[in-house]
Amino acid sequence: VLIDPPIVTEAPVETTDIAGGDYAVLRHKGPYADMKPAYDWLYGQWLPKSGREPANAPAMEEYINTPMNAAPTELLTDICIPLK
């Protein structure tokens, strides 16, 4: 997403650039506290078998809904891993 004009932020909020390219995306359904097995599967099983390598960038989480409008068991989160 390009933001024009740029948004001015104040601490503790900051802006960052996110590189384009390929991402592995896994949708997790359930409480945020239960996402560790999803990360373990994505990095420990899927990634080694995929033939792909992670890029030198952090994983990201996209929150599809929030606790304000969904029960913990219905929360949807996309876990996004940048790939080389």
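Contact here means heavy atoms within 4.5 Å. By that criterion, and not counting residues up to four places away in sequence, T77 touches L26, R27, H28, Y32, M35, E61, E62, Y63 and I64. The model is predicted, and the values below are computed from it. The briefing covers the surroundings of T77, the structure's one aromatic pair, the largest nonpolar core, the second largest pocket and selected positions along the chain.

**Strand β3 and T77**
- T77 is located in strand β3, a strand that spans residues 76-82.
- T77 counts as buried because its relative accessibility is 0%, and the cut-off for buried is under 20%.
- Among the residues that T77 touches are Y32 and Y63, the two partners of the aromatic pair.
- M35 is also touched by T77, and M35 belongs to the largest nonpolar core.

**The aromatic pair**
- One aromatic pair is present in the structure, and it is formed by Y32 and Y63.
- The geometry of the Y32 and Y63 pair is edge-to-face, with 5.2 Å centre to centre and 70° between the planes.
- The pair links distant parts of the chain, its members being 31 residues apart.
- Y32 sits in the loop between β1 (23-29) and α1, whereas Y63 sits in strand β2 (residues 60-63).
- Y32 counts as partly exposed because its relative accessibility is 30%.
- Y63 likewise counts as partly exposed, with a relative accessibility of 43%.

**The largest nonpolar core**
- In soluble globular proteins, nonpolar side chains tend to be buried together.
- The largest nonpolar core consists of eight residues, namely A24, M35, A38, L42, L47, I79, I81 and L83.
- Helix α1 (36-50) and strand β3 (76-82) each supply at least two residues of this core.
- The largest share of the core comes from α1, which contributes three residues.
- L42, a core member, is found in helix α1.
- L42 counts as buried because its relative accessibility is 2%.
- Not counting residues up to four places away in sequence, L42 touches L26, L47, I79 and I81.
- Of these partners, L47, I79 and I81 are themselves listed in the core.
- L42 and V25 are 17 residues apart in sequence, and their C-alpha atoms are 8.8 Å apart in space.
- L47, another core member, is in contact with L42, R52, P54 and L83, leaving aside its neighbours within four places in sequence.

**The second largest pocket**
- Rolling a probe the size of a water molecule over the atoms shows where empty space is left.
- The second largest pocket holds about 160 Å³ of space.
- Of the 14 residues that line the second largest pocket, I18, A19, Y23, A57 and P58 are the closest to its centre.
- The lining of this pocket comprises nine nonpolar, three polar and two charged residues.

**Exposed positions and the segment before β1**
- K36 is placed in helix α1, and it counts as exposed because its relative accessibility is 57%.
- K36 and V25 are eleven residues apart in sequence and 15 Å apart in space, C-alpha to C-alpha.
- Within helix α1, K36 is thus exposed at 57% relative accessibility, whereas L42 is buried at 2%.
- D17 lies in the segment before β1.
- D17 is exposed, with a relative accessible area of 79%, and the cut-off for exposed is over 50%.
- D17 and A33 are separated by 16 residues in sequence and by 27 Å in space, C-alpha to C-alpha.
- P12 is also placed in the segment before β1.
- The peptide bond from A11 to P12 is cis, with omega near 10°.

Note on methods: Residues numbered from 1 in each chain as written. Predicted model: local features only at pLDDT ≥ 70, side-chain atom pairs only at ≥ 80, totals over all residues. Heavy atoms only, no water. 1 Å grid on protein atoms, 1.4 Å probe; cavity = no way out; pocket = protein on both sides within 12 Å on 5 of 7 lines; lining within 4 Å. Points joined across faces, edges and corners; volume = space filled by probe spheres on them. Nonpolar A, V, L, I, M, F, W, Y, C, P; charged D, E, K, R; others polar. Core = buried A, V, L, I, M, F, W, Y, C linked by side-chain atoms within 4.5 Å. Buried < 20%, exposed > 50% of the residue type's maximum accessible area, 1.4 Å probe, protein only. Helix = DSSP H or I, 4+ residues; strand = E, 2+ residues; numbered from the N terminus. Phe/Tyr/Trp six-rings, centres within 6.5 Å; stacked < 30°, edge-to-face > 60°.
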